[in-house]
Amino acid sequence: MREKSLLRPAIAVPFALTALIWGSTWWTITTQIGDVPAAWSVTYRFLIATPAMALVAVAMRSSLRIGAKAHRLAMLIGLSQFCGNYMFVYEAERHLTSGIVALLLGLLLVPNAALGWLLLGQRITARFAFGSAIAMGGMALLLVNEAQAAPPVGLSSGNVMLGIALAVGGLLAAAVANIIQANETGRSVPMASLLAWSMAYGTMIDGSMAYALHGAPVLPHDPRYWAGAAYLALAGSVVTFPLYFKLVRDIGAGRAAYNSVVVVVLAMLISTLLEGYRWTGLAVAGSVLALAGLLVALTSARRPSR
């Protein structure tokens with residue numbers, strides 16, 4: 001079967017919407033890791049997201065009875081995506097700027113493509129590899145620029161290697177979740193139902209880890225914290241994950257992960273508006289290269305089969 005074009009509205013619209021929302025979440029996450037332990041912030045996010053996702057499933061008339069095999073898959077997705085990925089990312093932002101963490105997570109296309117080929121038989125074309133190389137070159141320039149622009153968390157920082165390790169852990173956890181949800185068991189149950197249970201299991205694991213690491217819950221009184229948590233839960237999770245996981249199934253894990261390249265550029269644009277981010281020659285060159293890699297993927301897709 002021929003590859004589906006990324007320019008089709010059914011692909012392009014969810015691709016763009018997911019990138020736009022996730023591009024804004026990087027700044028929002030910085031409001032969640034001040035006085036509240038990151039583990040509890042992740043727990044609160046999915047305490048809000050889980051019932052909302054279940055309501056979406058009910059509204060779509062999707063049964064929440066998914067069977068034992070699907071429950072085991074939901075547990076794995078909960079552990080990898082809604083615990084591992086977010087725990088690593090939130091903790092990484094304690095040691096690195098959100099821009100650097102976003103840039104590292106922007107390399108998701110590499111493990112996504114590799115695992116998609118290894119576990120799902122999704123082929124890697126020469127054009128995809130070429131586009132990936134261009135995009136990664138751009139991401140490398142952006143990473144160098146961020147390191148130079150933020151000396152307190154640059155390569156001289158004692159915690160930078162820990163931050164990078166945490167971000168890479170989040171990257172790998174997300175890649176695992178991306179792939180396993182697209183297997184035969186995942187495709188056999190409604191997406192909303194699978195996500196509702198995955199978030200539920202992830203929340204239970206998050207809460208257990210948060211209590212073990214930090215003790216009783218810390219409940220902030222600032223309404224802006226809870227507004228941010230609600231945005232991350234509803235827009236950043238309930239709206240986006242059904243769209244993104246469907247993209248993984250429709251166009252393949254590697255091509256869907258190009259979404260992360262757009263997310264990085266959007267996150268930097270938002271940082272420019274809200275945090276006074278300063279663009280340099282390296283930042284401009286990196287953004288152009290990253291988007292050029294995406295453009296290769298957009299223009300090289302074959303016409304869909306009829």
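A nonpolar core is a set of buried Ala, Val, Leu, Ile, Met, Phe, Trp, Tyr and Cys residues joined through side-chain atoms within 4.5 Å. Buried here stands for under 20% relative accessible area, exposed for over 50%, and partly exposed for whatever falls in between, with a 1.4 Å probe and protein chains only. The structure is a predicted model, in which local features need pLDDT of at least 70 and side-chain atom pairs count only at pLDDT 80 or more, while totals for chains, interfaces and linings use all residues. Residues are numbered from 1 along each chain as its sequence is written, and side-chain values use heavy atoms, with hydrogens and water left out.

With that settled, the core itself comes up. The largest nonpolar core holds 81 residues, and the members that touch the most others are Trp 26, Phe 82, Tyr 90, Val 101 and Phe 241. Helix α3, residues 67–92, gives the most to this core, eleven residues in all. Trp 26 has plenty of partners beyond its sequence neighbours: leaving aside residues up to four places away, Trp 26 touches Val 89, Glu 93, Ser 98, Val 101, Ala 102, Leu 105, Val 263 and Ala 267. Touching, or contact, means heavy atoms within 4.5 Å. As a general background, nonpolar side chains tend to be buried together in soluble globular proteins.

Now for the overall layout. The protein has 13 helices and zero strands, where helices (H or I, at least four residues) and strands (E, at least two) are DSSP runs numbered from the N terminus. Of the 306 residues, 54% are buried. Among contacts with a separation of 6 or more, 90% are between residues 24 or more positions apart. The accessible surface comes to about 13,900 Å², and carbon and sulfur atoms own 69% of that; such areas come from the Shrake-Rupley method with a 1.4 Å probe, and for residues only the protein chains shown count as cover.

Helix α2 makes a handy example of a single element. It covers residues 38–59, has 22 residues, and reaches 32 Å from its first C-alpha to its last, close to the 32 Å expected at 1.5 Å a residue. That expected span is 1.5 Å times one less than the number of residues. After α2 comes Arg 61, with a positive phi near 60°.

Helix α10, residues 223–251, includes Ser 237 and also Ala 233. How much relative accessible area does Ser 237 have? The value is 0%, so Ser 237 counts as buried. Its contacts, again without residues up to four places away, are Arg 45, Phe 46, Ala 49, Met 199, Leu 232 and Pro 242. Ala 233 is likewise buried, at 0%, and touches Arg 45, Ile 48, Ala 49 and Val 238 on the same count of residues beyond four places. Ala 233 and Leu 47 sit 186 residues apart in sequence, yet their C-alpha atoms are 8.3 Å apart in space.

Next come the charged pairs. How many salt bridges turn up in a search of the whole structure? The search finds three, a salt bridge being a side-chain nitrogen of Lys or Arg within 4 Å of a carboxyl oxygen of Asp or Glu. In general, side chains of opposite charge can pair when their charged atoms come close. One pair, Asp 250 and Lys 246, meets at 2.7 Å, N to O; both residues lie in helix α10, four residues apart, or about one turn of the helix. An α-helix has 3.6 residues a turn, so residues three or four places apart point the same way. Asp 250 is partly exposed at 22%, and Lys 246 is partly exposed at 46%. Asp 222 pairs with Arg 224, with the closest N and O atoms 3.2 Å apart; Asp 222 is partly exposed at 31%, whereas Arg 224 is exposed at 65%. Glu 91 pairs with Arg 94, with a closest N and O distance of 3.7 Å; Glu 91 is partly exposed at 22%, and so is Arg 94, at 36%.

Finally, the surface has a nonpolar patch made by Leu 269, Trp 279, Val 284 and Val 288, with about 340 Å² of accessible area together. Patches are made of residues with over 30% relative accessible area and no salt bridge, like charges being joined within 9 Å and nonpolar side chains (Val, Leu, Ile, Met, Phe, Trp, Tyr) within 5 Å. Trp 279 lies in the loop between α12 (258–275) and α13 (281–300), and is partly exposed at 32%. Arg 278 belongs to the loop between α12 and α13 too, and is exposed at 71%.
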